Amino acid sequence: MKHWKETSEIFARAAQLQEAGGKVAIATVVRIDGSAYRRPGAKFLVDAEGGASGSISGGCLEADVREIALRVMRENAPALLHYDTGSDDHSVWGLGLGCSGAIDVFVQPVGSDTFGAIERVRELLAGERPFAVSTVIGGPAPVGSVFVVESDGASTGSTSDAALGEEIVRQASQLFTRRETKIHTAGAAEVFTEVFVPPPHVVIFGAGDDAIPLCAYAADVGFRILVVDHRGGFLTAQRFPAATRLFSLRPEDGTSSLPLGPNDYAVVKTHSFAHDREWVRRLLAGGVAYVGVIGPRARTRKLLDEIGVSTTDRIFAPVGLDLGAEGPEQVAFSIVAELLAVRSSRDPASLREKQGTIHAG
């Protein structure tokens with residue numbers, strides 16, 4: 001989910017540097033084995049002055065990758081790196097890591113041959129459709145060649161070997177269908193294909209002050225945020241800079257103008273019982289799987305009674321996880337934690353109780 005947001009930010013920065021005549025390289029995690037802080041697709045951008053943004057680890061690899069990225073820019077030659085963060089604290093070329101995993105990172109200079117693909121990806125990241133990006137990371141074909149494969153079958157990108165390009169696009173289309181990000185072989189080439197799926201929307205009904213940290217925190221973890229209110233003084237970009245869109249609506253206007261589907265989430269917190277009730281009524285009539293409602297159980301029970309709903313597992317009220325939260329920031333944190341748990345179908349628990357790797361289902 002965060003993959004979409006981070007890539008958008010990294011590519012926007014790359015475009016800004018390119019347009020200013022600067023050099024830039026992008027490092028991407030392409031494979032992990034065992035325990036790793038980031039998953040394949042995580043990105044780290046380095047400019048010619050050594051400035052950086054994004055991350056590919058918990059901070060242990062970035063300094064080394066930065067130095068290699070500077071060399072990649074000077075030589076205009078991509079590099080595929082392998083880091084073994086096993087139990088030996090002297091692994092990874094003396095970096096002193098011990099994270100019990102192995103990570104492959106592809107570092108690529110951004111030039112005129114890849115800029116068109118980056119711009120197309122930026123356009124797609126502003127939309128609602130899934131897509132895939134395939135990058136040649138090894139083999140006899142031009143390493144660094146990029147192909148963008150869209151949901152309608154359209155593709156952007158090319159290589160000197162037309163047959164190889166067709167095979168890359170064919171395999172990328174199959175991985176896109178399976179929503180699978182991985183390294184694969186196409187002919188003699190080694191290719192990394194990453195699949196981008198639009199993250200869910202979180203629609204916040206009510207633009208009061210306590211919605212400000214909720215918008216910020218939920219956006220930070222990768223959700224796309226919509227804020228709905230009828231009060232113009234509350235509903236401003238200055239108050240909600242992280243929101244994707246702001247909607248000036250009353251409950252009687254309905255939800256038809258909102259991009260809500262079965263994979264999206266709603267948090268109702270207008271602090272008006274009548275408005276909350278009517279928003280919940282309309283949300284339950286639609287296909288939203290999660291409807292969080294602020295306030296105590298008795299209030300929500302009364303609200304549902306007036307709607308005529310006896311029980312539903314789509315209502316999360318009081319909204320948020322039981323973290324002992326107090327104040328708008330902590331409450332917002334508990335709500336975002338619950339959204340993440342529901343999104344990943346997890347029962348919230350301390351990681352020390354988990355058997356197996358952290359990211360295992």
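## Second largest pocket

A pocket is an open set of points on a 1 Å grid over the protein atoms alone, where a 1.4 Å probe fits and protein lies on both sides within 12 Å along at least five of seven lines. The model is predicted: local features need pLDDT of at least 70, side-chain atom pairs count only at pLDDT 80 or more, and totals for chains, interfaces and linings use all residues. Residues are numbered from 1 along each chain as its sequence is written, and side-chain values use heavy atoms, without hydrogens and water.

The second largest pocket has a volume (the space filled by probe spheres set on the points, which are joined across faces, edges and corners) of about 410 Å³. Its lining (residues with an atom within 4 Å of a point) has 22 residues, and Trp-4, Leu-125, Phe-223, Arg-224 and Thr-244 lie nearest the centre. Two or more lining residues come from each of α1 (2-19), α4 (112-125) and β12 (224-229); helices (H or I, at least four residues) and strands (E, at least two) are DSSP runs numbered from the N terminus. Helix α1 gives the largest share, four residues.

## Packing of α6 and α9

The axes (lines fitted to C-alpha atoms over the stretch in contact, with angles from 0 to 180 degrees between N-to-C directions) of α6 (residues 211-220) and α9 (residues 327-343) come within 8 Å and cross at roughly 40 degrees. The two helices are therefore oblique to each other, as angles under 35 degrees count as roughly parallel, over 145 as roughly antiparallel, 65 to 115 as roughly perpendicular and the rest as oblique.

In contact (heavy atoms within 4.5 Å) are Pro-213, Leu-214, Tyr-217 and Ala-218 of α6 with Pro-328, Glu-329, Ala-332, Phe-333, Ile-335 and Val-336 of α9.
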